[in-house]
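Visitor: I would like to learn how to read strand pairing and burial in a model. Could you take me through some cases, giving the general idea before each one?

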Amino acid sequence: MQVKGRRLVLWGCLGAVLAAGLAYAFWPRPIPVDFVTAAQGPLVVTVAEEGETRVRDVFVLSAPVTGHMRRIDLDVGDLLRAEITEVARIEPIDPTFLDVRSAAQAQAAIETAEAARSLALAEVDVAEAELDFADAEVKRARRLITTDTISQRALDDAERVFRTKKASLDTARAGLRMRESELTQARAQLVSPATAQRQYDACDCVVLTTPVSGQVLKIHQESAGVVQSGQALIDIGNPRQLEIVVDLLSEDAVKVEANQRVVIEDWGGPEDLSGRVRRIEPTGFTKVSALGIEEQRVNVIIDFTDPPEKWLRLGHGYRVELQVVLWEDPSVLKIPLTALFRNGGDWTVFVEREGRARLQSVELGQRTDLEAQILEGLSEGDRVVLYPSDRVIEGVRLSERLL
């Protein structure tokens, strides 16, 4: 009986230890979580995007005529004075080379013009001879009329013939000048580009000066060459009159209003710059994103509000990152967005009450990418669960996760 009693005591102790171990193993433990405290603080709602600086008024100087432009002796950044600084010189275009057929036709035209001039010279000689004869006749008639040897009609006929022959000589000489012009025109068809270059050494050129004062922003064509009328040559502007243009998504642009504050970041300087929205353009445009998605964009124009000395190192076409401030408040009750989740149609959080998780619906106000304003449902100092997992349920015990 004693042996049997000791066995019962031994098995009883083993059973008690096993039961205690199973109870400990399956007893619900607190869920380790991260907490955040709802607190008052500043909240700034912004739209962030990359922008580009540009000179407010860019003047494009173009060629007024078609011609051969000499090389532009300017560099980007050079200062220009209105109506004084010479930008370019444009001279007549060189003639083109003639092919064999065109050259033969031009040579034949010269020979034809030379023959016509010879004919005109002969006609001038004939007209001069006839005029000399008519002059002698009229002089003779004038002497004879004094002695009544001839009639007045004979004198009138002699003078009429003289005037007619004189007009014929003038006509022949005009014809000669016309034939000489035709010969010059025919010879011009054979002028080669090399001959034209020698003739243009004096440069009967169109001199192009800048219409406004400023700096050279861009040279479209620097080397000498043929330019067409209206072709852009250089861009002129004042780098101290900078603005920023940023293309926002249309759904973001509708939230932006004139005079809203802008924070300009990552522009290369030691501190952020300040700006203000001047204009939202009324027309949108389609832009393909880096992912190949078509997006509707709207240009927003921003002015610097800092003095030029702070952003003077910026120039035309520089990249900047900026944030347009849509709404801001220096003191609101807020929590991170990562503590919020949807429960039905309501925004909800898990609040720690006496060591246990309690569901709490909240009403949100303004939101950023990281934080949200709490209008109702929480009080300052409430501890809220961050990143709640599916293990966190109503009433479960919570413990703060140790780092």
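Visitor: Which residue stands opposite L242 in β11?

Guide: In this predicted model, V55 is the residue that stands opposite L242, and the strand pairing behind that match joins β2 (residues 39-55) to β11 in the antiparallel sense through 4 bridges. β11 also pairs with β14 (residues 294-304), again antiparallel, over 7 bridges, and there I244 stands opposite I302.

Visitor: Is strand β11 largely enclosed or open?

Guide: As a general idea, side chains in a regular strand alternate between the two faces of the sheet. In this case, 7 of the 8 residues of β11 (residues 242-249) are buried, so the strand is largely enclosed by the rest of the structure.

Visitor: How should I read a residue in a loop, and where does W267 lie?

Guide: W267 lies in the loop between β12 (261-265) and β13 (273-288). Because the cut-off for buried is under 20% relative accessible area, W267, at 11% relative accessibility, counts as buried.

Visitor: What does W267 touch beyond its neighbours up to four places away in sequence?

Guide: Its contacts include K310, W311, R313, L314 and V320, and the C-alpha atoms of W267 and R313 are 9.8 Å apart although 46 residues separate them in sequence. The side chain of W267 also reaches the backbone oxygen of E271 at 2.8 Å.

Visitor: How much helix and strand is there over residues 125-178?

Guide: That stretch is 89% helix and 0% strand, and an unreviewed UniProt entry annotates it as "domain: Multidrug resistance protein MdtA-like alpha-helical hairpin".

Note on methods:
Residues numbered from 1 in each chain as written. Predicted model: local features only at pLDDT ≥ 70, side-chain atom pairs only at ≥ 80, totals over all residues. Heavy atoms only, no water. Helix = DSSP H or I, 4+ residues; strand = E, 2+ residues; numbered from the N terminus. Buried < 20%, exposed > 50% of the residue type's maximum accessible area, 1.4 Å probe, protein only. Contact = heavy atoms within 4.5 Å. Polar contact = N/O pair within 3.5 Å; in protein donor to acceptor, adjacent residues only side chain to side chain. UniProt positions renumbered as here; feature names shortened; annotations may be inferred. Pairing = 2+ DSSP bridges.
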